[in-house]
Amino acid sequence: MGMSFEHLRRTTSGRPTDSKIVSGNLPSLIFRQVDCLSNYYVVETMKKVLVVFDTTYGNTEKLGREIASGIEESGLAECKVINIEDVETEDISVFDGVLFGGPIHAFRVTRGIKNAVNKAAKMGLDGKLVSSFDTYQVSSHEGKGIKQIEDLLKKKAKGAKIFSPGLTALVLGRQGPLNDDEPAKAREFGLRFAQELGN
Ligand SMILES: Cc1cc2nc3c(=O)[nH]c(=O)nc-3n(C[C@H](O)[C@H](O)[C@H](O)COP(=O)(O)O)c2cc1C
């Protein structure tokens, strides 16, 4: 669209006492009319979240998309879901929150998602809310992946705020599917993550 917030300010007749003055392009803003007579608008930023996933059989992607649905259903943030391969071309700076998720392979979260964390940290995660998710098959490996991702975030993204614990989800076979209750847990996790973005 290209119309800037500065343009919007000039078209309104004054400034409400509780307004939040921000900069940004119109597609990223929510407008709420608070007083029809004076034609005031309160302008709030819509938070943005990036979900980055690695996957072999699609289960971790599905989990990431469920988390994204929970985030968007909160009405507090919009969400973009990408494969690890696309991290390099993504403009990380526009996001308020970033989640990283991958499957457990041989006791460890995949190298692919670890590389994605490293790349994103180099681009800059300071000030952002970050978190993790994983899928596992062996019950004793529950939570292993999210801990490994979180440890990496602590080391490589010291200026980020970590939303902990992440979400660890059981798959019922090497190729899945996700255990029945995992999608609902992922949505609830997404909702809590979105709520934390405002704090
Ligand atoms: C090479 C390989 C090694 C695996 N090693 C483990 C493991 O050590 N522990 C475990 O719980 N699951 C292990 N799994 C099962 C994966 O966790 C499961 O395939 C994955 O969660 C499915 O997610 P995806 O569809 O996103 O790839 C392994 C799977 C593969 C392909």
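**Exercise 1. Find which element gives the most residues to the shell around the ligand, and describe that shell.**

Solution. β5 gives the most, with three residues. Strands here are DSSP runs of E with at least two residues, helices are runs of H or I with at least four, and both are numbered from the N terminus. The model is a predicted one, in which local features need pLDDT of at least 70, side-chain atom pairs count only at pLDDT 80 or more, and totals for chains, interfaces and linings use all residues. Residues are numbered from 1 along each chain as its sequence is written.

Next, take the residues themselves. There are 19 around the ligand, and T55, Y57, N59, T60 and T135 come nearest; a residue is near a molecule if its C-beta atom, placed from the backbone, lies within 6 Å of it. Two or more residues of the shell come from each of α2 (59-73), β5 (97-105) and β7 (129-136).

Last, sort by class. The shell has eight nonpolar, 10 polar and one charged residues. Ala, Val, Leu, Ile, Met, Phe, Trp, Tyr, Cys and Pro count as nonpolar, Asp, Glu, Lys and Arg as charged, and the others, Gly among them, as polar.

**Exercise 2. Describe how α2 and α5 cross.**

Solution. Start with the axes, which are lines fitted to C-alpha atoms over the stretch in contact, with angles from 0 to 180 degrees between N-to-C directions. The axes of α2 and α5 (residues 182-197) come within 7 Å and cross at roughly 45°. The two helices are therefore oblique to each other, as angles under 35 degrees count as roughly parallel, over 145 as roughly antiparallel, 65 to 115 as roughly perpendicular and the rest as oblique.

Then list the contacts (C-beta atoms, placed from the backbone, within 7 Å). The α2 side includes L63, I67 and I71, and the α5 side includes F189, L191 and F193. By class, this contact has 10 nonpolar, three polar and five charged residues.

**Exercise 3. Locate the cis peptide bonds at P165 and P177.**

Solution. S164 and P165 are joined by a cis peptide bond with omega about 0°; P165 is in the loop between β8 (161-162) and β9 (167-170). Another cis bond joins G176 and P177, with omega about 5°, and P177 lies in the loop between β9 and α5.

**Exercise 4. State the confidence of the chain.**

Solution. The mean pLDDT (the predictor's confidence in each residue, from 0 to 100) is 85, and 77% of the residues reach 70 or more. Over residues 1-28 the pLDDT is below 50. Where pLDDT is low, the predicted coordinates should not be read in detail.

How values were computed. Contact = placed C-beta atoms within 7 Å. Left-handed = near helix turned anticlockwise from the far one by under 90°.
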